There are 2 protein chains.
Amino acid sequence: MTPPKSIKRSAIPPASAAGRRLPDRRQGVTLADVARLAEVSEITVSRILRNHGPAAPATRDRVLAAVRKVGYVPNRLAGGLASSGSKLVGVIVPSLTNIVFPEVLGGIRAALDGSGFQAVIGVSDYDLAVEEQLVASLLAWRPEAMIITGFQHTAAARAMLDGSGVRIAEIMEIDSTPIDLAVGHSHWQAGFDTGQYLLGRGYRRFGYVGHDWVADHRARLRYDGLVAALADAGLTLLGSSRCPGASSTAAGRDQLANLLESHSTLDVVVFSNDDMATGGVFHCLAAGIVPRSDLALFGFNGLDIGQALPTPLSTMRSNRFETGRTAVEHLLRQRERPAAPAIIDTGYQILPGATA
Amino acid sequence: MTPPKSIKRSAIPPASAAGRRLPDRRQGVTLADVARLAEVSEITVSRILRNHGPAAPATRDRVLAAVRKVGYVPNRLAGGLASSGSKLVGVIVPSLTNIVFPEVLGGIRAALDGSGFQAVIGVSDYDLAVEEQLVASLLAWRPEAMIITGFQHTAAARAMLDGSGVRIAEIMEIDSTPIDLAVGHSHWQAGFDTGQYLLGRGYRRFGYVGHDWVADHRARLRYDGLVAALADAGLTLLGSSRCPGASSTAAGRDQLANLLESHSTLDVVVFSNDDMATGGVFHCLAAGIVPRSDLALFGFNGLDIGQALPTPLSTMRSNRFETGRTAVEHLLRQRERPAAPAIIDTGYQILPGATA
DNA sequence: CTGTTAGCGCGTTCAG
DNA sequence: CTGAACGCGCTAACAG
């Protein structure tokens, strides 16, 4: 037995018998409301709002007027569900307080701009367990692509990413094999090149100042590259000082002071990044050490702050903005995963500066 | 004529006659797949996954095992649509490269943590037209609350926010009447207090260095407060230098150099914020000007970088993290808008530092 | 150029 | 403690 199947909203009700048509709950205005007002069907409104398929200018105007009149805001939950396409890109970065990542996001936003896509950002705090939760949580929004920092993920996170079928970009490094796409540069090589550059400038007595590299795996890779370059020249690091926790100018300043207490004869100190190195410059300024002539300092990233110092920091510029932009461009260019993973090197350049 | 209505997924198919059950499209595993495998109904799976309603430990285990087996990831688009509750909080900030905003987001994330809510972030680049688009775009995700920076919005943006019915927090300032809730501090008062503090320390010959205050309205308010405090003491700014564009250390350094060229007799310079003031300190270091004794410098925000300087910056600390956290806490505490708008002052404190 | 029909995947009734 | 129906708001296919 089939009852007359409750009348659909769009069925013309017995004139005004069905009662007033007010948004009963808060947030109640739907496509149907607009359609009714414009005297067209819902699908016509839908098509016009998405610029999809043809539309007579007249109906178009009527619909747009109706939209404005009732203050209609499309429901993307419904839209995404119906079209199985959320127009979302999930992004997971380890931090926002390290300025490098906002800059990457800048590149991502720039590339997304005008594409109709929206980034949903998750911050893992350099914690792989948190990252795993974020992967699950972002995947639940059925993003059309996912951008995640680095190659270090839990097995579960990797499985979810892989199994999701969506395109995945692993950014900021290229020293491993990606699930799908990697965009960034080689940190090991950057460390190695740093070593070679400084050796070429005549430095021989090397020190190192860094932060927590269990969390920040890429800092560790740069360190390893540096040490390898020194080894090639028959040298080793004479001293190093590392602090737990994230990088910061305060930490860089304190760690350099600490290192110099026990190693006063160094001629160059390499820092894990520009934040730390900037702190190192601050220590020098406070302690009357003249950068380069008394002690050379070298950073990594090419941050604005380092270049604004009284003595611009000698460092490697990484191309963060471009990394974000490139990742999005490639992800959106081809919506299916390619047969084999690809790697894009966005490189880095030496900024000579004045501290080394 | 009604064809036998395509068999519903949940209908038991004629044994294996219906063929293999593979996720036909990519991304195919749904509640129904889990339910079939665990031999329960979809709703049981749904309830167990949400810890909602009772569940026998035995079924529970079977369901969770099935979830893991097939790698099920809930579809929040569908969930949100069905329950009309997205568990999303929209956040709009003007910038991510100004470290203040990542810090606010840190507070927002801290408060959201464990609540099951997720923040969706939009960045307006200090552009009200972009902000308006973001409001529409974020509202389309049917967030359960919205956090937006400042009081300056287009009429359309304000109308959408107001009409959405969701709770709205306008953060970072409290000098106007909010739509619903404001969390932050008074920038005018902060500027005024800065002036009084510096007057109290004996400074009389004031200069000002700032950035684009058409975009950054709060910097303008602080300036106005400062000028008012000077006026109360019968003083005026002797000189000021402002650059277009965003604040940065480089801009602060250059603008201070510029200002001092034409105004060499100043005894104190107030900066629009700590980034600019840090640049000012850099100029002093480069030019051999001793902060405080030769020229006093004062910033705003209390950033880590300023406190790590060889001469810690004299500044006002704003409580960004707490602002973000407090906004979320209040928004989630009460899901309906209160009768009258509320204002929460998260205050600021003078950091004496060593530059003024 | 426009409308009709049939779901998207889930959660909310209400029954058992 | 579990299940069957129904619809959230929208869009993909077809018609016409």
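Me: When do two strands count as paired in this predicted model?

Reply: Two strands pair if DSSP finds at least two bridges between them.

Me: What makes β6 and β7 of chain A a pair?

Reply: The cut-off is at least two bridges. Four bridges join β6 (residues 206-210) of chain A to β7(A), and the two strands run parallel. One bridge places Tyr208(A) opposite its partner Ser240(A) in β7(A). The two strands therefore count as a pair.

Me: Which sheet of chain A holds β7 and β6, and why are some of its strands called edge strands?

Reply: They belong to an open sheet of four strands in chain A, ordered β7-β6-β8-β9 with parallel pairing. β7 (239-242) and β9 (296-298) of chain A each pair on one side only, so they are the edge strands. Between neighbouring strands of this sheet the average turn is 15 degrees, direction ignored.

Me: What makes a residue count as near DNA strand C, and which come nearest?

Reply: Its C-beta atom, placed from the backbone, must lie within 6 Å of the strand. There are 27 residues around DNA strand C, and Pro54(A), Thr30(B), Leu31(B), Ser46(B) and Ala82(B) come nearest. The largest share of this surface is five residues from α4(B). By class, the surface has 14 nonpolar, 11 polar and two charged residues.

Me: How many residues does each chain give to the contact between chains A and B?

Reply: Chain B gives 47 residues and chain A gives 48. On the side of chain B that touches chain A, the elements supplying at least two residues each include α4, β2 (118-123) and α10 (249-262). That side divides into 25 nonpolar, 15 polar and seven charged residues.

Notes: Residues are numbered from 1 along each chain as its sequence is written. Chains are lettered from A and ligands numbered from 1 in the order in which they are written. This is a predicted model: local features need pLDDT of at least 70, side-chain atom pairs count only at pLDDT 80 or more; totals for chains, interfaces and linings use all residues. Ala, Val, Leu, Ile, Met, Phe, Trp, Tyr, Cys and Pro count as nonpolar, Asp, Glu, Lys and Arg as charged, and the others, Gly among them, as polar. Two residues are in contact if their C-beta atoms, placed from the backbone, lie within 7 Å. Axes are lines fitted to C-alpha atoms, for helices over the stretch in contact, and angles run from 0 to 180 degrees between N-to-C directions.
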